[in-house]
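Trainee: Could you walk me through this one? I'd like to go over its pocket and its salt bridges.

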Amino acid sequence: MNAIVRLFVRLAAVGFRLYCWTVRPTIVGAAVLVWQDESVLVVEPSYQRWLAVPGGHVGRREDPRVAAARELREEVGLSVPAETLVNLGVFVVHHSNTEDHVHVFACAMPGGQSVDVDRREILS
């Protein structure tokens, strides 16, 4: 079942890249740097070939801080109150025929919690 979901995620990523190539949209995203001691949490997405930090799309009327907390919970199973995320700023990145506005936040690794990936969207 996980293999089927991973295939769907990869196909969706290819479809999104085709959409970006034709429409050239502006995208709003959120990312979270999770610190523990001297390390930062990185994930291996199933739909791209490089490591990343937890994060994703910000909905049309969604607050970026709330979206960052949601993505952290969905991708790695960490529950952090949105108001505790430290705002590091908005970075504009031009790539893959898009203009990506990424709201970046930071937090310490929540005590008593551990990373839990579903092996579908996030492999490790």
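Trainee: Which helices and strands each supply at least two residues of the lining of the largest pocket?

Mentor: Keep in mind that this is a predicted model, where local features need pLDDT of at least 70 and side-chain atom pairs count only at pLDDT 80 or more, while totals for chains, interfaces and linings use all residues. Residues are numbered from 1 along each chain as its sequence is written, and side-chain values use heavy atoms, with hydrogens and water left out. Helices (H or I, at least four residues) and strands (E, at least two) are DSSP runs, numbered from the N terminus. The elements you're after are α1 (2–23), β1 (26–36), β3 (55–57), α2 (64–76) and β5 (98–108).

Trainee: And which element gives the most to that lining?

Mentor: A pocket here is an open set of points on a 1 Å grid over the protein atoms alone, where a 1.4 Å probe fits, with protein on both sides within 12 Å along at least five of seven lines; lining residues have an atom within 4 Å of a point. The largest pocket has 37 of them, and F16, Y47, Q48, H95 and D100 lie nearest its centre. With 7 residues, the top contributor to the lining is α1.

Trainee: How many salt bridges does the count come to?

Mentor: Side chains of opposite charge can pair when their charged atoms come close. The rule asks for a side-chain nitrogen of Lys or Arg within 4 Å of a carboxyl oxygen of Asp or Glu. By that rule the count is 3.

Trainee: Is R70 buried or exposed?

Mentor: Buried means under 20% relative accessible area, exposed over 50%, and partly exposed in between (1.4 Å probe, protein chains only). E62, which bridges to R70 with the closest N and O atoms 2.9 Å apart, comes out at 23%, so E62 is partly exposed. R70 itself has 18%, so R70 is buried.

Trainee: Which residues do salt bridges with shared partners join into one network?

Mentor: R70 also meets E71 at 2.9 Å, N to O, and both of those residues are buried. E74 bridges to R70 as well, at 3.3 Å; these two are separated by about one helical turn because they sit 4 residues apart in α2. The network is made up of E62, R70, E71 and E74.
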